Amino acid sequence: MRLPFTASLAALQSLVVVAHGHAGGSDSDHHVLLPVQLRAPTAEHFLPIVSNDTYDFGCRPIARPVTADGSSSRQYFELHALLTRDQIAHLSHEYRSTDVSLHEQTLTKRAATAPIGTGDRFQSGTVAPKGLGTQASGTTIASIMNLNEISSAVNGLVSVYKTVTTFTLPYKTFEGRTQFAAYVGAGTDTSKYHLYLSAAVHARERGGPDNLIYWISDLLSANKTGSGLTYGKKTYTNAQVKSVLAAGIVFFPVVNPDGVAYDQSSGSLWRKNRNTKSGSSGASVGVDINRNFDFLWNFPKYFASSASPASTSPSSQTFYGTAAQSEPETKNHVSVYDKFPKIRWFMDVHSAAGDILYSWGDDENQSTNTAMNFLSSTYDGKRGIVGDTAYKEYIPSADATNVKKVADATVAAMKAVGGRSYITQQAVGLYATSGATDDYAFSRYWSKSGQVNKVYGYTMEFGYSTNFYPTLTEFNQNILDTNAGFMDWALAAISVGLE
Ligand SMILES: [Zn+2]
């Protein structure tokens, strides 16, 4: 149970639940997750709800300002969630007579979600995928790759272009799958690779691997034919393609294959991996890989008690696991930094919020007090509260400038495609996270006493809010948006510096 908002909230209004197309009520509906928008006059209104780790806020909770008719005046803040009918009923009761309202999203007006491919369109790794940036405008891809097709697609690139190299990662997943990643563009010397991208840490975020693989496909095709790339209204020259490849790209297209296999077969909006160590049925199965990295992982110790950057509960979507890097997927992700010691820029591809997040994610940034940092035990128990002065995370001002500059360039490119709007945001937004891929990437330099390369870490959340299963139109738009984003992210990174 959460405490309701206090009476200090002004302008009390009735809670409204707007339901569309749901008869609701049968027993079988109890675990079905329904997309809901919560609205409130300020983002702070959502803090008590976000602190409850039984609710599902997607990749990370994001409160977005909503403006009416494109004007600059802010109307309200919106928080997307996926809730069961019981949770909706509970919250509706809890927040009646407050400024917070719940609105169920209309599902009936949406087209069917994009299908998962059947069979293997890449014919056991003998046919290379073809991206949208090297094909005629209006060309579309007919389905999302199934798990087998993802590896077949990468093998297709290897066999057709000869310049892509795959490698096996050291740890097998809980269900015994062997994981792989690949590198391209800078030859055989692994110290020449400066860009690292990964996808499908969260299983249900469909299209992530496709976005990444089609982009690599475009780079290779354009490089070979001497052409440029076109994503909607955004174009790139062949010289830019060659420049991006020369930066050296490492890509890990499916970080969570057990979860993806389960999600693709069950359609259950599955997020975590499939480890049953802490729970063997229903929602208690699995660890959130994006809370399992070794960055302030033991959050009950490091964060303020009122912050909830992850969860100790196995049934939560943000369950942090049994130890930092307890999961094979996490260890494999980390092993890539050891194999490619000069990685400088990292991008983790998620959905679905429409933003680029930059460091840090544990608290607000500050560049004045070097002693106030994630390694200092002085601040244990104080981290993670946005808007206070007890703790803010240290980031050197030059780094703060760099990470923001590249995030802005990425978002500008994604908007320039002409499909939808994206925003940049510091990863903490209003709500802290612990153990995430992006913060881990950036923290390594300090936690390893400057003995490893500094890595700027980003999270891209493509697509539309809590819309993890895109329609076919959205799936194709996501490919265009993300691929332009990857291009300008890489170009801006090159401009800031790879060494
Ligand atoms: Zn995610």
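Tutor: Let's start with a cut-off: a residue is called buried when its relative accessible area is under 20%, and exposed when that area is over 50%. Keep in mind that this is a predicted model.

Student: Okay, why is F251 called buried?

Tutor: F251 has a relative accessible area of 0%. The cut-off for buried is under 20%, so the label applies. As for where it sits, F251 is part of strand β11, residues 249-252. Its C-alpha atom is 13 Å from that of A186, with the two positions 65 residues apart along the chain.

Student: And what makes G138 count as exposed?

Tutor: The relative accessibility of G138 is 68%. Exposed starts over 50%, so G138 passes. You'll find G138 in the loop between β5 (101-104) and α3 (147-161). The C-alpha atoms of G138 and Y193 are 33 Å apart, and the two residues are 55 residues apart along the chain.

Student: What is unusual about the phi of L269?

Tutor: Phi is positive there, about 55°, although L269 is not a glycine. L269 lies in the loop between α6 and α7 (299-302). With a relative accessible area of 15%, L269 is buried. S449 is another non-glycine residue with a positive phi, near 50°. S449 belongs to the loop between α10 (437-447) and β17, and at 59% relative accessibility it counts as exposed.

Student: How do you know that the peptide bond between S351 and A352 is cis?

Tutor: Look at omega: for the bond joining S351 and A352 the angle is about 5°, and the bond is cis. A352 is in the loop between β12 (345-351) and β13. There's a cis bond from S359 to W360 too, with omega near -5°. W360 sits in the loop between β13 and β14 (365-366).

Student: β13 keeps coming up. How do you know that β13 and β16 pair?

Tutor: The requirement is at least two bridges between the strands. β13 and β16 (residues 423-426) have 4 bridges, running in the parallel sense, and that fits the requirement. In this pairing L357 stands opposite Q425 of β16. On top of that, 4 bridges link β13 with β17 (residues 456-462), this time antiparallel. There, D355 has E461 as its bridge partner.

Student: Which way do the residues of β13 point?

Tutor: D355 and L357 point one way, I356 and Y358 the other, and all of them are buried.

Student: Now the metal. What makes C59, H202, E205 and H350 donors of the zinc ion?

Tutor: A donor is an N, O or S atom within 2.8 Å of a metal such as this one. The atoms in question are SG of C59, ND1 of H202, two OE atoms of E205 and ND1 of H350, and they lie 2.0 to 2.4 Å from the zinc ion. Those distances fit the cut-off, so they count as donors. Along the sequence the spacing is C-x142-H-x2-E-x144-H.

Student: Why do you say that C59 and E205 tie parts of the chain together?

Tutor: C59 is in the loop between α1 (47-50) and β3 (63-67), while E205 is in the loop between β8 (195-199) and α4, so the pair ties together parts that are 146 residues apart in sequence. Both residues are buried.

Student: On to empty space. Why is the largest cavity said to lie between the domains?

Tutor: Domain 1 (17-104) and domain 2 (115-499) both supply residues to its lining, so it lies between them. The largest cavity holds about 120 Å³ of space. Its lining has 16 residues, with F57, R60, H80, A352 and A353 closest to its centre. By class, 8 of the lining residues are nonpolar, 5 polar and 3 charged.

Student: Which helices supply the lining of the second largest cavity?

Tutor: α4 (208-225) and α6 (257-266) each give at least two residues, and α6 has the largest share with 3 residues. That cavity has a volume of about 80 Å³. Of its 14 lining residues, the closest to the centre are A203, R206, P209, V260 and Q264.

Notes: Residues are numbered from 1 along each chain as its sequence is written. This is a predicted model: local features need pLDDT of at least 70, side-chain atom pairs count only at pLDDT 80 or more; totals for chains, interfaces and linings use all residues. Side-chain values use heavy atoms; hydrogens and water are left out. On a 1 Å grid over the protein atoms alone, a cavity is a set of points where a 1.4 Å probe fits but cannot get out, and a pocket is an open set with protein on both sides within 12 Å along at least five of seven lines; lining residues have an atom within 4 Å of a point. Grid points are joined across faces, edges and corners, and a volume is the space filled by probe spheres set on the points. Ala, Val, Leu, Ile, Met, Phe, Trp, Tyr, Cys and Pro count as nonpolar, Asp, Glu, Lys and Arg as charged, and the others, Gly among them, as polar. Domain bounds come from an automatic or database domain assignment. Donors are N, O and S atoms within 2.8 Å of the metal (3.2 Å for Na, K and Ca); water is not among the atoms, so sites may look incomplete. Buried means under 20% relative accessible area, exposed over 50%, partly exposed in between (1.4 Å probe, protein chains only).
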